[in-house]
Amino acid sequence: MWFPTLFLPFLTTLLILCFGIGLFLLSGIFNLKRSPLSVWEKILFAFALSQSFLIFGMQIIGHRGFSFNIFSLTLLIGVGSALCFGVFSLLSRFTSSRDSSDTPKEEPPLSFNRHQTIVFVALILATFLIKTVYLHNTIIPTATDLGHHLYWAKAISESGELPYYAEQNIVTVDGAIQVTEPEPISDFIIGEHLTLAALQIYSQANYFGAFPILFLFLINILSLLALATLSFYLVRGISRSSFASHIWNGENAFLLTLLFFGPLYSLASPQAKFVSGGVIGNTFGNLFIPLILLCFYRALRNRDSRFLGLGLLFTFTLAYIHHLSTFILLFVLTAIILIHLLLHVKSLSTVLRTWFSLLAKPLPLAILTFAILFFFFVAMPTYIENSAIDTAVGTPTKTTRTGLTLLQIANSSGSVRLALALMGVLFLSFLIRSKHYAQSFLLGWTAILLVMTLRPDLLFVDIPSSRIGAYLSFPLGISAVLFLLAFFAYWQKKHLALPKVIMLGSFVAIFIFALSEGSLDNGATLLETSKAEPLVATMHASQYLSNHTSTDDRIIKDHNFIVGDAWIKLFFMRGYSYPFSRAYFNRYETNPDREQCTLAMISTPNTKDGDRCFQRTGVNFVMVESSRDTAQFNSSKKFSKIYASRYVTIYQKNY
Amino acid sequence: MSNRLLLILFFVLFITSSAFLFERSLNELDQEANKNWWTISFIRPDRVKNIDIVVSNYTEDTHFKYQILAGDTVIEEQGFEAPLGENRILLITPEKTPEVERVTVRVIHKDQQQELFRNYKLK
């Protein structure tokens, strides 16, 4: 009975909220029957438009004091989307100029021949199969990041209000231990939680179920299509008479990109592992970054301001979803602009005039106006409100932020992709003299991320290098695709004396190398085993404690050994840092200024320090993993053992 | 195959994968399905002298035994049944709390045992 009662409501809600709204709004911008959009662009833009609508719409009504419930959200969607549709239609009509020099350039749509269709079907099937097999063991809610994020989504859907991102901490002030009042935190951004909350409000799906991961799964798959579509247009944008057209074409680029990001390298970060790990912001960023680049590229190549408007809107949306992705995107766009201007230094005024004429149209200007008004009069992203930008800019201070080596990049992005990508970068730099936008886009995207990853000090980037490295695999993959296609298209066209068997053999060798490395990468990630039983035990214990405590009680639990411990807070909803948590042991060792109470209360509860911490913090319940941290409590006269299972034990302090 | 059909294929695959994963999640989070764990807990942890317990059984075997210990001495012992998926309540608080520093409730199930205890300050 789960299918009609649980799954169908979720699926219907997902399709309407994530595509229905966006498709309706998109039809106000483009005539969908005769539009310059491929089917893949339609669903990608529909999804992104839906996110934009929900994120900004819910913030507007939330700040106006309206509560989030089915009625208010339905009103928002009904009235709001009709209004936006009207505005978009009006603006788009004026944006499409009658001046022939401004007429958007049309081009034939994406169209696979029979062989390419078979390849596409095989690739998409393999992609879904591999990711589903991986998620099969990780679909249950154990991931720490996801637990933290869903606390806020649940806070929104339960309270019906926008959340205040804050947490209490245990601090030592002048030698005295105390618990602070809730202090603002910048790690969470509203756009990561609003759609999930809306999905839950409508479908009443269980936060402990599959729906959050399925939502991220959808975004991950869409990001592959975004990359493939971007590849399609980039290759289309580079016409070379020296390349055999049956090899060098957009459709082949689409398929090869799908191969490099679909079945191969499908699981390790930043792909399926980010999905199961609940790295919501990054997963969104991995979709929005190529989508935004696609919009801007299409705007410039087709001289169509509607794409520019969409690109600006999605950029602004991304700023309300993930700070790091926005930061990276701004660097990428700056690099693209600078490289393009450098390549066209002799015709600078023409280039700038073209850009200005695209920008000075109703739709892009209206989007910019909306963005400015929203930013200053409705809400700023939390990381700007809390002035958190300063922490990302500056000379890298820790060793984890001083850059990765090429070997580390090869390990994370795949040595095949890296090797081919570097060849691709060379190819773009030296072999193409015609200075297409495609060249600027790909060179800018790849080069800036390489610099940010290898030498962040040159750009005053003070962010963990491994996090930036996760963004590198996408431009490397596309560069690799372009190089591979160009290589074989060139040789084929030139009818060089290379015997066909050598050409075929080299292609097969590269293919097998990529396949084996990509599959090995998948295989190394596929070895997760189910943690269902300990997780269910954690949930049972949490429910017990939630039923037998009140807001006057304080609880501490262990993060090192309890499975799914980050989800415990969802049973209480008494604050982001409720219960307190003993963090990973190395956090206490590497940061001597960190409070030590959360360590002492579990590791050494019977010492003077442990006792003092209990007294000052008021913690009166302790939750630990049964096989690890029970000896020190079992031997103590100060604690009663009130709950026990194979996996989790709960103690109560006797005061 | 037209682009529209490929799009339909894409959504069919997504819905199929999602349905499969959704069902998997429901099965995994079912406390009883293919599980082998059990818990004991005090019904009234806030009442210091109360040692009534609830046993939650998620194993196939329904046979249990409990013991009440005053210090190290077993003062009461009895077998009981706890069906799969049920919370079996045991009202075992003695009329008079033993004059010991620790009262323990021990539950034995197959080759495993779990204990709960209360510590008291003697006058």
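Me: Why does A:Asp611 count as partly exposed?

Reply: Happy to explain! This is a predicted model, and in it A:Asp611 has 21% relative accessibility. Buried would need under 20% and exposed over 50%, so A:Asp611, at 21%, falls in between and is called partly exposed.

Me: And what makes A:Lys653 and A:Asp611 a salt bridge?

Reply: Their closest N and O atoms are 3.8 Å apart. The cut-off is within 4 Å, between a side-chain nitrogen of Lys or Arg and a carboxyl oxygen of Asp or Glu, so this Lys and Asp pair qualifies. A:Lys653 belongs to strand E9 of chain A and A:Asp611 to helix H26 of chain A, so the salt bridge ties together parts that are 42 residues apart in sequence. As for A:Lys653, its relative accessibility is 7%, so it counts as buried.

Me: How do you know that A:Arg646 and A:Glu533 form a salt bridge?

Reply: The same kind of check works here. The closest N and O atoms of A:Arg646 and A:Glu533 are 3.2 Å apart, and the limit is 4 Å, so the pair passes. This salt bridge links distant parts of the chain: A:Arg646 sits in the loop between strands E8 and E9 of chain A, while A:Glu533 is in helix H22 of chain A, 113 residues apart.

Me: Are A:Arg646 and A:Glu533 buried or exposed, or which of them is something in between?

Reply: A:Arg646 has 36% relative accessibility, so it counts as partly exposed. A:Glu533 has a relative accessible area of 14%; that is under 20%, so A:Glu533 is buried.

Me: Which parts does the salt bridge of B:Glu101 and A:Lys637 connect?

Reply: First the distance: their closest N and O atoms are 3.6 Å apart, which is within 4 Å, so the name salt bridge fits. The pair crosses between chains, from the loop between strands E5 and E6 of chain B to the loop between helix H27 and E8 of chain A. B:Glu101 is partly exposed at 39%, and A:Lys637, at 60%, is exposed because its value is over 50%. Over all chains, the count comes to 16 salt bridges.

Me: Why is the link of A:Cys597 and A:Cys613 called a disulfide?

Reply: A disulfide needs two cysteine sulfur atoms within 2.5 Å, and here S to S is 2.0 Å, so the link earns the name. The angle about the S-S bond is -85°, and the link is left-handed. A:Cys597 is in helix H25 and A:Cys613 in helix H26 of chain A, 16 residues apart. Both are under the 20% cut-off, with A:Cys597 at 5% and A:Cys613 at 4%, so each is buried.

Me: How do you know that A:Cys18 is in no disulfide?

Reply: The nearest cysteine sulfur, that of A:Cys84, is 17 Å away from A:Cys18. That is not within 2.5 Å, so no disulfide is counted for A:Cys18. At 0% relative accessibility, A:Cys18 counts as buried.

Me: What makes A:Phe376 exposed?

Reply: Its relative accessible area is 55%, which is over 50%, so A:Phe376 is exposed. A:Phe376 is in helix H14 of chain A. Together with A:Ile372, A:Leu373 and A:Phe377, A:Phe376 makes a nonpolar surface patch of about 480 Å².

Notes:
Residues are numbered from 1 along each chain as its sequence is written. Chains are lettered from A and ligands numbered from 1 in the order in which they are written. This is a predicted model: local features need pLDDT of at least 70, side-chain atom pairs count only at pLDDT 80 or more; totals for chains, interfaces and linings use all residues. Side-chain values use heavy atoms; hydrogens and water are left out. Helices (H or I, at least four residues) and strands (E, at least two) are DSSP runs, numbered from the N terminus. Buried means under 20% relative accessible area, exposed over 50%, partly exposed in between (1.4 Å probe, protein chains only). Patches are made of residues with over 30% relative accessible area and no salt bridge: like charges are joined within 9 Å, nonpolar side chains (Val, Leu, Ile, Met, Phe, Trp, Tyr) within 5 Å. Accessible areas come from the Shrake-Rupley method with a 1.4 Å probe; for residues, only the protein chains shown count as cover.
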